[in-house]
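These are my notebook entries on a structure that I had not examined before. I set down each point in the order in which I looked it up.

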Protein chains: 2
Amino acid sequence: MNVLIVFAHPEPRSLNASLRDVAVEQLKAEGHAVQQSDLYGMNWKAQIDRDDFPSLAADVRLGVAQASGEAFLGNGLTNDVRLEQEKLQWADAVILQFPLWWFSMPAILKGWIDRVFSRGFAYGVGEHSEKRWGDRYGEGVLAGKRAMLLVTVGGWADHYGPRGINGPIDDLLFPIHHGVLFYPGADVLPPLVVYQADRTGESGFAAVSREVNDRMRTLFSTTPIAYRRQNHGDYVIPAMTLRDDLAPGSTGLHIHEAQ
Amino acid sequence: MNVLIVFAHPEPRSLNASLRDVAVEQLKAEGHAVQQSDLYGMNWKAQIDRDDFPSLAADVRLGVAQASGEAFLGNGLTNDVRLEQEKLQWADAVILQFPLWWFSMPAILKGWIDRVFSRGFAYGVGEHSEKRWGDRYGEGVLAGKRAMLLVTVGGWADHYGPRGINGPIDDLLFPIHHGVLFYPGADVLPPLVVYQADRTGESGFAAVSREVNDRMRTLFSTTPIAYRRQNHGDYVIPAMTLRDDLAPGSTGLHIHEAQ
């Protein structure tokens, strides 16, 4: 199978880079083909701006969604973005690897999402009717592909537990898991989260490497998070609220997982 | 009072820019002093990387947190970052204004956080002992200041409601509200969220402008979100889990608000 690793750490000698190497080696040992997008190494342009749309006339007001959709349809996206879209189409699984900074991904990776997930490619796709509301949340360009986060965290696991002060890690990652990866259709695997990453000694590294190896070995067999698909009857269209008889009386992020 | 608006939209003729102008005008009419950080206009460097730490020897491995703390203490941060830290110290209220892209902030704004919220300034501050766990979550450099998000969203309000498919907007914004703003001590106000932002006609713009005016008028009187302060007895140290007798049996993001 084909695996794309999108890697967002500025230091080639970091724990993240070492774990990335462990993952690549294991994936190759399993017989998979691996491509990497090392965003810092590629000097990836982080912010989306007017330069992303070279066909846009100088006097036209930049509406990002509109310009993005027109550029995608007109084959007018920049080369760096097109190459990443091709990698995504090539991949059977996508791994986003990054250190958790301020409870989200580093800016350079957010910019990879903002720029590569263009309209017409990752959103604004498909029929909007009384029966369905676009190809999203379980359908879309990443349908049939797997996605997974490999995240290092400076803080302690307890602080990210069910009653930890930072909030549960699954809730903090929901905007990425559900909003970035499931939205264009990927099957999202449980994340591999490495806590107290700045205090990994040699024995810690060996233990974490084993976890990485295990997760790479089971990349195509691990059960995905059971997010509810949008267009299969669980949601009221066009309000896109969960049907009253599902998780009745409950609110919040977890109702979007089937139990 | 002093108000800093951090603005992250690439188009000066956008709805966001117009609403920013409305906000600035209203704030000035109230007698406040206003500074803006127009990130696209400033050509803000989005990604944190080795260039953020000019004093770091070329052969030293870049550990971002460590380098950030050393640069802060040694007065070695870059000028652009220092200027933003000064603006934050000057401000009595900080408004982050941005379009919601992929359920979070644009990369350029995430990079403002990643770079400006340096160690020693916004995290890694204060005593860690059995009595307290650093100056964070209610204490820190932004203590006594107010913070608020002004966010435009392409989608419909229903989709972001309590049972909406995107997840409740408050939960999606929790990593920013609680993790970015309350963490260094700010009192976080409820956000102003403008839905279906791409379909605001003239009448819609008038209505939204009134909302912006109202929120600017009440910037220093609106009741903040009642996030629990870390070092005042609600959390068990050092696990930093909520005491068993508070929101007993509950988990998730909302237990961190006092009822």
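**Entry 1: the loop with the cis bond**

Where is Pro238(A) found? I located Pro238(A) in the loop between strand E7 (235-236) and strand E8 (241-242) of chain A. I note at the outset that the model is predicted. I then examined the peptide bond that joins Ile237(A) and Pro238(A), and it is cis, with omega at about 5°. In chain B, I found a cis peptide bond between Ile237(B) and Pro238(B), where omega is about 5°. Pro238(B) lies in the loop between strand E7 (235-236) and E8 of chain B. For background, I recorded that most peptide bonds are trans, and that most residues other than glycine have a negative phi.

**Entry 2: positive phi values**

I next looked for residues with a positive phi. Met240(A) is not a glycine, yet its phi is positive, at about 55°. I placed Met240(A) in the loop between E7 and E8 of chain A. Is Met240(A) buried or exposed? I count Met240(A) as buried, because it has 21 C-beta neighbours inside 10 Å and the cut-off for buried is 20 or more.

In chain B, I noted Asn43(B), a residue other than glycine whose phi is positive and near 55°. Asn43(B) is found in the loop between strand E2 (33-38) and helix H2 (64-73) of chain B. I count Asn43(B) as exposed, because it has 12 C-beta neighbours inside 10 Å and the cut-off for exposed is 12 or fewer.

**Entry 3: Gly164(B)**

What does Gly164(B) touch, leaving aside residues up to four places away in sequence? I found contacts with Met240(A) and Thr241(A), and also with Asp158(B) and His159(B). Gly164(B) has its place in the loop between strand E4 (146-152) and H5 of chain B. With 22 other C-beta atoms within 10 Å, Gly164(B) is buried. I also checked Gly164(B) against Ala8(B), 156 residues apart along the chain, and their C-alpha atoms are separated by 26 Å.

**Entry 4: how the two chains are related**

I then compared the two chains. A turn of 180° with a shift of 0.0 Å along the axis lays chain B on chain A, with an RMSD of 0.0 Å. The two copies are thus related as by a two-fold rotation axis. Which residue of chain B comes closest to the rotation axis? I found Ala107(B), whose C-alpha is at 2.3 Å. I recorded that the same surface serves both copies, since 98% of the contact residues of chain B recur in chain A.

**Entry 5: the contact between the chains**

The contact takes 55 residues from each side, chain B and chain A. On the side of chain B that touches chain A, I listed the elements that give two or more residues: H4, helix H5 (169-182) and strand E8 (241-242) of chain B. H5(B) gives the most to this side, with 7 residues. By class, I divided the residues of this side of chain B into 27 nonpolar, 17 polar and 11 charged.

**Entry 6: helix H4 and its partners**

At what angle do the axes of helix H4 (residues 107-116) of chain A and H4(B) cross? I read a crossing at roughly 175°, with the axes coming within 8 Å. H4(A) and H4(B) are therefore roughly antiparallel to each other. The contact is made by Ala107(A), Lys110(A), Gly111(A) and Asp114(A) of H4(A) together with Ala107(B), Lys110(B), Gly111(B) and Asp114(B) of H4(B). I sorted this contact of H4(A) with H4(B) by class as 2 nonpolar, 2 polar and 4 charged residues.

I then turned to helix H3 (residues 79-90) of chain B, whose axis comes within 10 Å of that of H4(B) and crosses it at roughly 90°. H3(B) and H4(B) are therefore roughly perpendicular to each other. Here Val81(B), Glu84(B) and Gln85(B) in H3(B) meet Trp112(B), Arg115(B) and Val116(B) in H4(B). By class, I recorded 3 nonpolar, 1 polar and 2 charged residues in the contact of H3(B) with H4(B).

**Entry 7: the nonpolar core**

Last, I looked at the largest nonpolar core, which has 159 residues. The members that touch the most others are Val6(A), Val94(A), Leu109(A), Val6(B), Val94(B) and Leu109(B). Not counting residues up to four places away in sequence, I found that Leu109(B) touches Val6(B), Ala8(B), Leu39(B), Leu96(B) and Phe98(B).

Terms used: Residues are numbered from 1 along each chain as its sequence is written. Chains are lettered from A and ligands numbered from 1 in the order in which they are written. This is a predicted model: local features need pLDDT of at least 70, side-chain atom pairs count only at pLDDT 80 or more; totals for chains, interfaces and linings use all residues. Axes are lines fitted to C-alpha atoms, for helices over the stretch in contact, and angles run from 0 to 180 degrees between N-to-C directions. Helices (H or I, at least four residues) and strands (E, at least two) are DSSP runs, numbered from the N terminus. Angles under 35 degrees count as roughly parallel, over 145 as roughly antiparallel, 65 to 115 as roughly perpendicular and the rest as oblique. Two residues are in contact if their C-beta atoms, placed from the backbone, lie within 7 Å. Ala, Val, Leu, Ile, Met, Phe, Trp, Tyr, Cys and Pro count as nonpolar, Asp, Glu, Lys and Arg as charged, and the others, Gly among them, as polar. Copies are superposed by least squares on the C-alpha atoms of residues with pLDDT of at least 70 in both. A nonpolar core is a set of buried Ala, Val, Leu, Ile, Met, Phe, Trp, Tyr and Cys residues joined through C-beta atoms within 7 Å.
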